[in-house]
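Me: I am new to this structure and would like a close look at one part of it. Please take me through it step by step, and explain each term when it first comes up.

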Amino acid sequence: MKTGKTAYRKKQDAYQKIAFGLMKISTAVVVMVLLLIIGDIVIKGAPSLTIEFLTQMPKNQMTEGGILSCLVGTIELVILALSVAVPLGIVAAVYLTEYASEGKVKRFVEQAVNNLAGTPSIVFGLFGMAFFVKYIGLPQSLLTSSLTMGLLILPVIIRTTQEALLSVPQSYRDASMALGITKWETIRHVVLPAAYSGMLTGIIISIGRAAGETAPILLTGAVYFYPKLPDSVFSPFMALSYHLYVMATEGMNIELTRGIQYGTALVLIILVFSMNLIAVGLRRHYRKKGIGSN
Amino acid sequence: MKRNMRNFNEKTMKFLFFIGGIGTILILLLICFFLLAETANFLKTYPIWDFLTGTEWKPDEASRKFGLLPLLAGTFITTFGAVLLAVPIGILSAVYIAELAGPKTAEILKPAVELLAGIPSVVLGFFGLVLLVPTFQSAFDLTTGQTALTGSIILAIMALPTIISVSEDAISSVPASLKQGSFALGSNHWQTIYKVTIPAALSGISAAVILGVGRAIGETMAVMMVTGNMAIIPWSEPFLSSVRTITATIALEMGEVAQGTEHYYALFTIGAVLFLLTIIINGIADAVKRKHHRGE
């Protein structure tokens, strides 16, 4: 009897060893993939990353020179997309958390946000093309790309703002209302300020997302080459993400311009990762403070 | 007087926020409407049956063949391969992070997963193109290294963070009392994990997998850069042939077509198919997740 149990235990412990081993290997694979990608791009991209690379326009059919126009294009795109998505997203999130009562309307809005979040980026591109370009008649430009990108990051902003608002303790609202302050004033002076850092995290994450996405701008205004910086929102533009795609697949001399490609990839990664790091730091900071988290 | 003003403000703001909330529904409806409108334009000149069952995608003026099947095959093969790779690795890593890793290790691993999620798809595609494609080409002795397999690997990398973080959430939210019960009965840690913790978190884990699938189906840039983009159903050696996904077809061909041509409408139609697929997938994930929350 006793030996039987030990044998059973031994067998179970052996299974455990195998299972835990597999878990460790899987996790190691994930980490290694991350390190491999980052390592490859950092090591091969670093030599290209000079001041000239960032401050010069592409030259000689994009086989030489820098990525200034792409960098500027991406930054303008991100700023414009945010100025569309942030106000809209905050309003929708405030509606969902502060105003909407449980019921059909709220459920429909939440479903809509979920579906928007799951919609492939290329579908946003198609929509931007059909609606902003063909239907409204705007030229394929920085503006149409930014509007499309704004819609793409809208669900991210709504969800993170909602989370931030939900984490503001109900007692804050009750205390304010008890003082005779109206709902909107409570939201404006009590709830929103308390949720501020959480909302900021969401905005920062969507900066990274907007800078990295390619498919929506591919259909709505980003171009292979544009000889100058965009002079208005109605002008076509170059972007880092699209530039990397073009250089790696359709460039004039794909093998020779690997340096430019790796450099562009590195700039994109630095941009996105620094946003992620700031977001992680912010989250830790306000978690310590206790406000804005559950 | 002041009170009236305040009341007015309250009502205006309430209305404004309501409009903002409804706005998200409006955007979704607009997307549906414009995709469907262009799809209708396509189906006016192209029989729906030929579209749904066509095995050839040859959009040039002379051939005019818009068969969905080769593109659907490309999308399904790459996604299927990605699932095969990402699901076991993702779930095992999620269990490791939730159950085995110490708090310090978890504090490093979680942001690492987020970082992986943050890599732009075009950068992943680039990485696949310059590193994976040549490696596989020589390893399998292929004419081109741009195959469904490389697509699957890159898609798996993209789906992994979703699968890991959503299942990790589900596993972490299993109540400690359940596990303690199992331990008290003499089970070891692994028995507890696979007999108690994983079954309790199963709906959350399933939702994670489904969301990962949704992510893989909708991905464009990365797949387009590594799959070779041949619109042919690869009956023999599906993983070692070049394939072309729905997303890649739209991205590749939209730049070259004139607005209002049959080809232009055809691209919107496959976009509508893609949109429908992701809506169904997200709906399933949602339903599964809600079941999970009720289960708690």
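What follows is a walk through chain B, from its overall build to single residues and on to chain A.

Reply: Gladly! This is a predicted model, in which local features need pLDDT of at least 70 and side-chain atom pairs count only at pLDDT 80 or more, while totals for chains, interfaces and linings use all residues. Residues are numbered from 1 along each chain as its sequence is written, and chains are lettered from A and ligands numbered from 1 in the order in which they are written.

Let us begin with the outline. Chain B has eleven helices and two strands (DSSP runs numbered from the N terminus, with H or I over at least four residues for a helix and E over at least two for a strand). Along the sequence these elements follow the order α-α-β-β-α-α-α-α-α-α-α-α-α. The C-alpha trace of chain B spans about 80 × 70 × 35 Å along its principal axes. Of its 296 residues, 50% count as buried; that word stands for 20 or more other C-beta atoms within 10 Å of a residue's own, while 12 or fewer make it exposed and values in between partly exposed, with C-beta atoms placed from the backbone.

Chain B also has parts. Its domain assignment gives domain 1 (2–45) and domain 2 (57–295), with bounds that come from an automatic or database assignment. The C-alpha centres of these two domains of chain B lie 32 Å apart. Still, seven residues of domain 1 are in contact with eight residues of domain 2 in chain B, where contact asks for C-beta atoms, placed from the backbone, within 7 Å. On the domain 1 side, the touching residues are three nonpolar, three polar and one charged. Here Ala, Val, Leu, Ile, Met, Phe, Trp, Tyr, Cys and Pro are nonpolar, Asp, Glu, Lys and Arg are charged, and the others, Gly among them, are polar. As for reach along the sequence, 76% of the contacts in chain B with a separation of 6 or more join residues 24 or more positions apart.

Now zoom in on helix α6 (residues 148–172) of chain B, where B:Ser152 lies. B:Ser152 counts as buried because 27 C-beta neighbours lie inside 10 Å. Beyond its neighbours within four places in sequence, B:Ser152 is in contact with B:Thr78, B:Gly81, B:Ala82 and B:Leu85. B:Gly186 is another matter: 34 residues separate it from B:Ser152 in sequence, and the two C-alpha atoms are 42 Å apart in space.

B:Leu160 brings in the other chain. Setting aside neighbours within four places, it is in contact with A:Val30 as well as B:Ala86, B:Ile89, B:Gly90 and B:Leu116. B:Leu160 is also among the residues with the most contacts inside the largest nonpolar core, which has 179 residues; others on that list include B:Phe126, B:Ile163 and A:Leu244. Such a core is a set of buried Ala, Val, Leu, Ile, Met, Phe, Trp, Tyr and Cys residues joined through C-beta atoms within 7 Å.

Next, visit the loop between α9 (221–226) and α10 (246–253) of chain B, which holds B:Asn229. B:Glu237 has its place in that loop too. Most residues other than glycine have a negative phi. B:Asn229, however, has a positive phi of about 60 degrees, and phi of B:Glu237 is positive as well, near 50 degrees. Their surroundings can be told apart: B:Asn229 counts as buried, since it has 20 C-beta neighbours inside 10 Å, whereas B:Glu237 counts as exposed, with 12.

Finally, step out to the partner. The contact between the chains takes 69 residues from chain A and 66 residues from chain B. Helix α1 (residues 2–45) of chain A gives the most to chain A's side, with 19 residues. That side divides into 47 nonpolar, 17 polar and five charged residues. Chain A itself has eleven helices and two strands, and 47% of its 294 residues count as buried.

Notes: Contact = placed C-beta atoms within 7 Å.
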